[in-house]
Amino acid sequence: MPTTRTITLPSETDTAALAQRFAPMLSAGDVLLLEGDIGAGKTAFSRALIRARLGYDEDVPSPTFTLVQTYEDEVDIWHCDLYRLTHPDEAVELGLEEAFEEAICLIEWPDRLADLAPKTALTLQFKASDEHSVTFAADDNWTARLEAAGV
């Protein structure tokens, strides 16, 4: 049974601060499954995490139309928006299975993966309401790391 925790994110600045705390703790093979409606904060979180990880203000466009944007770092970062996929086989064609092992992967709309998502992935469920929030669903592998990130 996964551990779940929810925190509020009153502003985009709070979302960015959370992403900045996450960035240094990620390593090759880490997969973050970013769930939530349009406008809930998935891309804002990804953009801030990528910039924090790279250490400079990189242009980080949403991969809505390209499906995948990659960023070279000591460990490559894959930012994926799978909204337009119609079948999980399309994710395989993008090379995601290999990326799941070798890169840091930020996956928006992970429901399009079906059973391809790694069992060790961390799920972040973003919700937009009066105050945005994110709920983390993690196995034991992530519990200590979440605590270290202040979650």
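Which residues does Leu-49 touch, not counting residues up to four places away in sequence? The legends below, for a predicted model, begin with that contact set.

**View 1. Contacts of Leu-49.** Leaving aside residues up to four places away in sequence, Leu-49 touches Ala-19, Phe-22, Ala-23, Leu-26, Leu-32 and Leu-106.

**View 2. The largest nonpolar core.** This core has 32 residues, and those with the most contacts inside it are Phe-22, Leu-32, Phe-45, Leu-49, Leu-122, Leu-124 and Phe-136. Two or more residues each come from helix 1 (12-22), strand 2 (31-35), helix 2 (42-54), strand 5 (104-108), strand 6 (122-127), strand 7 (132-138) and helix 5 (140-148). The most is given by helix 2, with five residues. A second core, separate and of 19 residues, includes Leu-33, Leu-67, Trp-78 and Cys-80.

**View 3. The open sheet of seven strands.** The strands follow the order 1-7-6-2-5-4-3, with mixed pairing. Strand 1 (3-9) and strand 3 (68-71) stand at the edges; each has a single partner strand, so one side of each is left without a neighbour in the sheet. On average, and with direction ignored, neighbouring strands are turned by 15 degrees against each other.

**View 4. Strand 6 beside strand 7.** These two strands pair in the antiparallel sense over five bridges. Gln-125 stands opposite Thr-135 in strand 7.

**View 5. Two helices on the sheet.** Helix 1 packs on the sheet and touches strand 1, strand 6 and strand 7. The direction of helix 1 makes about 135 degrees with that of strand 1. Helix 2 also packs on the sheet, where it touches strand 2, strand 3, strand 4 (77-81), strand 5 and strand 6. The direction of helix 2 makes about 165 degrees with that of strand 5.

**View 6. The buried residues of helix 1.** Thr-15, Ala-16, Leu-18, Ala-19 and Phe-22 are buried in this helix. Seen down the axis of helix 1, its buried residues fall within an arc of 160 degrees, so they line one face of the helix. An α-helix has 3.6 residues a turn, so residues three or four places apart point the same way. The buried residues of helix 1 pack against strand 1, helix 2, strand 6, strand 7 and helix 5.

**View 7. Cys-80 and Cys-105.** The structure holds zero disulfides. For Cys-80, the closest cysteine sulfur is that of Cys-105, at 5.9 Å, which is too far for a bond. A disulfide would need the two sulfur atoms within 2.5 Å. Cys-80 is buried, with a relative accessible area of 0%, and Cys-105 also counts as buried, at 0% relative accessibility.

Technical notes. Residues numbered from 1 in each chain as written. Predicted model: local features only at pLDDT ≥ 70, side-chain atom pairs only at ≥ 80, totals over all residues. Heavy atoms only, no water. Core = buried A, V, L, I, M, F, W, Y, C linked by side-chain atoms within 4.5 Å. Buried < 20%, exposed > 50% of the residue type's maximum accessible area, 1.4 Å probe, protein only. Helix = DSSP H or I, 4+ residues; strand = E, 2+ residues; numbered from the N terminus. Contact = heavy atoms within 4.5 Å. Pairing = 2+ DSSP bridges. Axes fitted to C-alpha atoms, helices over the stretch in contact; angles between N-to-C directions. Arc of directions from axis to C-beta.
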